[in-house]
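Okay, everyone, let me put today's structure up on the screen. Have a look at it while I talk, and shout if you lose track of where I am.

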Amino acid sequence: MQDLTQRDLAELLGYTKTQLEALIRDKDKWVGRRTELIGSKMRNLAVPYGKLRAVHERLKFHLNKIKQPDYLFSPRKGRAQRDNAEHHVGQAQFLSLDIRQFYPSTISEHIFRWAYHEAGLRADVAGMLVHLVSIDGKMPFGSPISPVLTTLVHRSMFDAIKRVCDAHELQMSLWVDDLTISGSAIPGTIIDDIRAEMRKCGFQTHKIKFRTGNRPVIVTGVPIEGGRVAAPRLVHERVRAGYAILRGSLPDAERAHEIDKLLSALGTLRYHVGKSSLEGRLAANRMHALRQRRAKLTVVVTTPASPAPAAVIAVAPNGLLPWE
């Protein structure tokens, strides 16, 4: 990084040094704390808002300019959970594990060491960065900067784990705190090597799973089945439910709404299975048929300029109105 001063950092974030120091002193005024159920876990959130939120967003923007390793899939622009799953297609064995308390276990000292030793910031600038980012002495769960900064802070740990995987010719991917490893054969000793690297940084693992590819394997919520990425069961359920609803008797406005929901579900299914696959082409055909059905509906809409609803009649493909 450039040899930034505190004044330079403040200017980069749209503030003067004095304003940034004042924000640090009053930081607690700009933090919302709450406990929230996320997935199946109760999380203690520390969410920045107002001025502090703006600073975290600007820091995120600048940190995202740093080149990330290929094994990192989140947070990465242009990469999604499907891409993470596709990274492991064709493998015979799978190992997945989560890092326990990934954000809360990343403390101010971790952030300072990265900023000073890895990013090359001056000690006072690294200290200012820590004060701006950390909340209650740790990486906040609920800040936009936490995903990208945490992966940068612990890059050396993940690089070391990647070297362990490379030594055994295994694939590795990281999605937030979810590590997935795959290959033709995963030695049982590798988990001890991975845990050893994590312990150096004060982390522990949980939710450890060994799986084989002879049945569907779920990677970060996306199934791999038959040597390809498949759509999650929930997506198939949405499609089936959508068609079941459309088989009933519905007024046109409600039918149009249900068609839109079904189109969304089919689009998600097509994304997961791949546009060029047989399932993807079938989904595209179904979407085309649904759009044709929707175009023939009579949908009533209201406009702010008129107190009375105005009927909008769709013209049939041959240019004729329905009664002609």
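So, the lining of the largest pocket: by class, that's nine nonpolar, seven charged and six polar residues. Nonpolar here covers Ala, Val, Leu, Ile, Met, Phe, Trp, Tyr, Cys and Pro, charged is Asp, Glu, Lys and Arg, and the others, Gly among them, go down as polar. Before I go on, this is a predicted model, where local features need pLDDT of at least 70, side-chain atom pairs count only at pLDDT 80 or more, and totals for chains, interfaces and linings use all residues. Numbering starts from 1 along each chain as its sequence is written, and side-chain values use heavy atoms, with hydrogens and water left out.

Back to the pocket. How much space lies in it? About 520 Å³. Of its 22 lining residues, Lys41, Arg43, Phe141, Val176 and Asp177 are the closest to the centre. Strands S2 (41–48), S4 (93–99) and S7 each give the lining at least two residues. For the record, a pocket is an open set of points on a 1 Å grid over the protein atoms alone, where a 1.4 Å probe fits, with protein on both sides within 12 Å along at least five of seven lines; lining residues have an atom within 4 Å of a point. The volume is the space filled by probe spheres set on those points, joined across faces, edges and corners. Strands are DSSP runs of E, at least two residues, and helices are runs of H or I, at least four, numbered from the N terminus.

Now, backbone oddities. Lysine 207, in strand S7 (residues 205–212), has a positive phi of about 55° without being a glycine. Threonine 220 does something similar, with phi at about 45°, in the loop between S8 (217–219) and S9 (222–225). Which of these is buried? Threonine 220, with a relative accessible area of 12%, while lysine 207 is partly exposed at 44%. Buried is under 20%, exposed is over 50%, partly exposed is in between, with a 1.4 Å probe and protein chains only.

There's also a cis peptide bond between serine 74 and proline 75, omega about 0°. That proline 75 sits in the loop between strand S3 (72–74) and helix H4 (81–86).

Last stop, the sheet. It's open and antiparallel, three strands in the order S8-S9-S10, with S8 and S10 (228–229) as the edges. Pairing takes at least two DSSP bridges, and S9 and S10 are joined by two. Glutamate 225 has arginine 228 in S10 as its bridge partner.
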